[in-house]
Amino acid sequence: MRGSTPFSPTPSEGTQNMSSQDDRWAKLTGGQAGEEYARRFARLAASGQDVHGEAAFCDALLNPAARVLDAGCGTGRIAVRLTELGHHCTGVDVDRSMLAVARRDAPGQEWLHGDLAHLDGLGLDPGFDLALAAGNVIPLLAPGTEPAVVRQLATVLRPGGLLVTGMGL
């Protein structure tokens, strides 16, 4: 659920780990937010908050053992939970710091570094049952790339597959 907590990268952090496009997430975080983001959700879970609502929603839409693309997966919170529920998940994110957390916490899952506007360059096998862009993924894309991202996500779905997006503002 990107964009919930503002981050202020220092000028030296820049966006060296971001996509070549100027996305809003990169501006907020400088590509260094992975550990803090993970700590934030750990604190929420420890306080009794349900941090698996998105995963539960998607699980209710899916048949058992479905293929899921978590687009803008961040630290992998949703993909990890969906995998625990029996689904086969692939996560894609442009932020290397977020992917580092996902890879550390779930090394057996597939985590890909890439720009959602260029999923076709990642060699994904089409046929996903569901593509998820949770939280603020869509609103935090590089301005003007939203139509390309939606097209790319639709392209990896099987016929009749589902595209689930969050549009938090």
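These legends describe close-up views of a predicted model.

**View 1. The whole chain combines six helices and five strands.**
The elements run α-α-α-β-α-β-α-β-β-α-β from the N terminus on. The protein has 169 residues, and 46% of them count as buried. About 8,100 Å² is exposed, with carbon and sulfur atoms supplying 55% of that area. Among contacts with a separation of 6 or more, 65% link residues 24 or more positions apart.

**View 2. Five strands form an open sheet with parallel pairing.**
The strand order is β3-β2-β1-β4-β5. The edges are β3 (110-113) and β5 (157-165), each of which pairs on one side only. Neighbouring strands are turned against each other by 20° on average, direction ignored. In a regular strand, side chains alternate between the two faces of the sheet.

**View 3. Strand β1 pairs with both β2 and β4.**
Strand β1 spans residues 67-71 and is mostly covered. Four of its five residues are buried. Five bridges join β1 to β2 (residues 88-93), and the two strands run parallel. Look for Asp70 here: its bridge partner in β2 is Gly91. The chain passes from β1 through helix α4 (residues 77-84) to β2, and this β-α-β crossover is right-handed. Strand β1 also pairs with β4 (residues 128-133), again in the parallel sense, over three bridges. Val68 has Leu130 as its bridge partner in β4.

**View 4. Strands β2 and β3 run parallel, joined by four bridges.**
Asp93 has a bridge partner in β3, His113. Helix α5 (residues 96-105) packs on the sheet and touches both β2 and β3. The direction of α5 makes about 165° with that of β3. Angles over 145 degrees count as roughly antiparallel, so α5 and β3 are roughly antiparallel.

**View 5. Helix α6 lies across β1, β4 and β5.**
This helix covers residues 146-156. Helix α6 runs at about 140° to β5. Strand β5 is an edge strand of the sheet.

**View 6. Helices α2 and α5 meet at an oblique angle.**
Two packed helices are described by the angle between their axes and the distance between the axes. Helix α2 covers residues 34-46. The axes of α2 and α5 come within 7 Å and cross at roughly 55°. The two helices are therefore oblique to each other. On the α2 side, the contact is made by Gly34, Glu35, Tyr37 and Ala38. On the α5 side, Ser97, Met98, Val101 and Arg104 take part.

**View 7. Arg103 sits in helix α5.**
Its relative accessibility is 39%, so Arg103 counts as partly exposed. Leaving aside neighbours within four places in sequence, Arg103 is in contact with Trp111, Leu112 and His113. One of these, His113, is also the bridge partner of Asp93. The C-alpha atoms of Arg103 and Thr75 are separated by 8.2 Å. Along the chain, Arg103 and Thr75 are 28 residues apart.

Conventions: Residues are numbered from 1 along each chain as its sequence is written. This is a predicted model: local features need pLDDT of at least 70, side-chain atom pairs count only at pLDDT 80 or more; totals for chains, interfaces and linings use all residues. Side-chain values use heavy atoms; hydrogens and water are left out. Buried means under 20% relative accessible area, exposed over 50%, partly exposed in between (1.4 Å probe, protein chains only). Two strands pair if DSSP finds at least two bridges between them. A crossover is right-handed if, with the strands pointing away from the viewer, the path from the first strand over the helix to the second runs clockwise. Contact means heavy atoms within 4.5 Å. Accessible areas come from the Shrake-Rupley method with a 1.4 Å probe; for residues, only the protein chains shown count as cover. Axes are lines fitted to C-alpha atoms, for helices over the stretch in contact, and angles run from 0 to 180 degrees between N-to-C directions. Angles under 35 degrees count as roughly parallel, over 145 as roughly antiparallel, 65 to 115 as roughly perpendicular and the rest as oblique.
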